[in-house]
Amino acid sequence: MPSPFPSPLPLPPPASDGAPPGEAARAVPAAARAVPAQASSGAERHTPSAPASGTPSVRAQYLRPCVTELRLSAFAGHRRARFPLGAVTLFVGASGSGKSSALRAYEALARLGGGARLGEVFADPVACVPEGARPDAQRRRGFRIGCTADGPGGPVRLDVAVQAEPELRIVGERLSAAGVVLLETALRDPGRRTVQAAWHTGGSAPVTRAPLPDDRLGTALLPLRVAGRTDGQRQVLAAAEQMVVALRSVFACDPQPDWMGVPVPTGSGRLLAGCDNLADVLWRTREECGRRHAALVAALSAGSAGPVVDLRAETLADGTVRALLDRADGSRTELARLGYGELRYVALALVLLTGPGVLDVDPAGEVPAAMQTLTLLADGLDRGLDVRQRAELLRLAVRMAERGHIRCVGAVSDGHGAARTEGVTVVHLGP
C-alpha cells in the first residue's frame, strides 16, 4: 500500500533495516565479539524458540509477543540507531552516552501502546528533540521512535513521528508486517486535532480512510475501529494486537532504598515502581506463592553478607507492616538496617520472581497471561550493587527469562560481568 499522505516529519521507509556505517551503537550476545548496529539483524535472538516446522499454527502455540528491536531514528542524543533486544538486554556506556534516553523511549512506546495520551507520556517533549535539530518553515521540530515486536504473526514494525514544537502531537505513524504497510497516518490539516489514517482492508476497497486523534497511538485504537470482516482487516488486527500486547506489560522499576525500610500500611499488595511498599507486597507473596518466595529467599541469601532463611513482614501495633530478615543464626534484621545495594538487590529480585498480578502494571486483560511476557525496565540496574550481587541478579534474570516468565532491559555502567553471562545481550553505546 503506497503512502497515502505527506508527513511533515517523514517516517523512515517501510523496508529500512540498516543503520548507516559508523553508527555508534553496537550489540553483542554475552561472551561474543561486538558487532556493529547495522549488522544487528544477525545478532543472537532471545525470543522463545519454536519447533523447526515453523508453521503459523506452531508459532502461535510457542511464541509470546515481545519487543525484539528498538529504533531511535531521531530521539535525544540518538540518530538512526537500532538496538536488538534479547530476553535479557543491558545497555552499557559512559555517562551521557544515551542509556537512559533509550530506556525512556522504550517506556514511552509502552505507555502509548497501553492507550496513554501523548501529554501524559512526554512531560518535557522538547528534551526528546535531537540537539541541533532545526525547525522547518512552519517552526516545527520533533522526534521519531519505533520498535519491532515478534510473535505468532512474525515481526511487526511500528514507527512514530512526534511533533514537539510548536505543539505536541503525533504527525505520522506506520505499522507494517511482511513488507506490507498495514496502517499509516499523517497530519494533513494542522488546524485540526486529528491525523488522517489509512489502513489495509484487502476487500473491494483496498484501503480504509478515517480521522484518528493526534494525541493517541493509532495502533492501540485499531482494535476498536477495524471490524475484521476481510482477510486484510484480520491481518491489520493481528498485527496491532501483537504490537499492543508486546508493549503493554512493561514495569519500569527504580527501587528507592530510603523508602523501602519504612513501615507501610497494608494496601493493594501490588509493588510500586519505587518499591517503597515492599513490606506490604512481601506480606502477600509469602502467603500466596510459597515456591517463588522460597526462590526469593535463596536469591537473597546468595547476594547477602550472611545466610538468610526467611524474608517476611510483620504487623506493628499501629497497623502498619515492616519487613524482616531471619538469619541462619536465629537473629532478625529489619530491612531498614540493610545497605543501599542490599535493598535494591532485594527489590529487583522480587520483581524478577513475581508477575503482573503482583506488580503495578496494566497488562492486556483480554489476552490470557500465558500469551503475555512481562518486561522489567530498569535504568541503573547495577546501581549500588557489588560484583557478587550483579552476577546473581543477572543469573536470576536469565533463568526466569528462559522460563518465559519475564524479560529484562536495563542500563548499567559496567558491562564486563554481563558480557561473561550466557544469555545476556549487551548493547554498547559510545565510540
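## Overall make-up

How many helices and strands does the secondary structure of the protein come to? The count is eleven helices and 19 strands. Please keep in mind as you look around that this is a predicted model.

The protein has 431 residues, and 55% of them count as buried. Its exposed surface comes to about 18400 Å², with carbon and sulfur atoms supplying 52% of that area. Contacts that reach far along the chain are well represented: taking pairs of residues at least 6 apart in sequence, 62% of the contacts join residues at least 24 apart.

## Two nonpolar cores

Let us start on the inside. The largest nonpolar core has 63 residues, and those touching the most other members are Leu-72, Phe-75, Phe-83, Phe-91, Phe-122, Leu-158 and Leu-175. Helix α2, residues 99-113, gives the most to this core, with eight residues. A second core of 56 residues is separate, and includes Ala-323, Val-351, Leu-352 and Leu-396.

Leu-175 is a good residue to centre your view on. Leaving out residues up to four places away in sequence, Leu-175 touches Val-156, Arg-157 and Leu-158, then Val-180, Val-181, Leu-182 and Leu-183, and further along Thr-219, Leu-222, Ala-239, Ala-240 and Met-243. One of these partners, Leu-158, is itself listed with Leu-175 among the residues that touch the most other members of the largest core.

## Helices α7, α8 and α9

Helix α8 (residues 290-303) packs with helix α9 (residues 340-353) at an angle of about 145°, and their axes are 10 Å apart. The crossing of α8 past α9 is right-handed. On the α8 side the contact is made by Arg-292, Ala-295, Leu-296, Ala-299, Leu-300 and Gly-303, which meet Tyr-345, Val-346, Ala-349, Leu-350 and Leu-353 of α9. By character, the residues of this contact are nine nonpolar, one polar and one charged.

Helix α7, residues 278-288, joins the picture here. Its buried residues are Leu-278, Ala-279, Asp-280, Val-281, Leu-282 and Thr-285. They pack against both α8 and α9, as well as α6 (257-260) and the strands β13 (264-265), β14 (308-315) and β15 (320-327).

The loop between α8 and β14 holds Gly-306. Apart from neighbours within four places in sequence, Gly-306 is in contact with Ser-301 and Arg-327. Arg-327 is 21 residues from Gly-306 in sequence, and their C-alpha atoms are 7.4 Å apart.

## Backbone features to inspect

Where is the peptide bond with omega near 5°? Look at the step from Glu-165 to Pro-166, which is cis. Pro-166 lies in the loop that links β7 (156-165) with β8.

Two residues other than glycine are worth a look for their positive phi. Ala-76 has a phi of about 50° and sits in the loop between β3 (66-75) and β4 (78-84). With a relative accessible area of 16%, Ala-76 is under the 20% limit and therefore buried. Arg-80 also has a positive phi, near 50°, but its place is within strand β4.

## Strand and loop positions

Gly-142 belongs to strand β6, residues 141-150. Its relative accessibility is 14%, so Gly-142 counts as buried. Along the chain, Gly-142 and Ala-164 are 22 residues apart, yet 4.7 Å separates their C-alpha atoms.

In strand β8 (residues 169-177) you will find Val-171. Why does Val-171 count as buried? Its relative accessibility is 0%, and the limit for buried is under 20%. The C-alpha atom of Val-171 is 9.3 Å from that of Gln-196, a residue 25 places away along the chain.

Is Ser-204 buried or exposed? Ser-204 is exposed, because its relative accessible area of 85% is over the 50% limit. Ser-204 is located in the loop between β10 (194-200) and β11 (207-213). Thr-230 is 26 residues from Ser-204 along the chain, with 9.5 Å between the two C-alpha atoms.

Key. Residues numbered from 1 in each chain as written. Predicted model: local features only at pLDDT ≥ 70, side-chain atom pairs only at ≥ 80, totals over all residues. Heavy atoms only, no water. Axes fitted to C-alpha atoms, helices over the stretch in contact; angles between N-to-C directions. Helix = DSSP H or I, 4+ residues; strand = E, 2+ residues; numbered from the N terminus. Left-handed = near helix turned anticlockwise from the far one by under 90°. Contact = heavy atoms within 4.5 Å. Nonpolar A, V, L, I, M, F, W, Y, C, P; charged D, E, K, R; others polar. Buried < 20%, exposed > 50% of the residue type's maximum accessible area, 1.4 Å probe, protein only. Areas by Shrake-Rupley, 256 points an atom, 1.4 Å probe, with all protein chains shown as cover. Core = buried A, V, L, I, M, F, W, Y, C linked by side-chain atoms within 4.5 Å.
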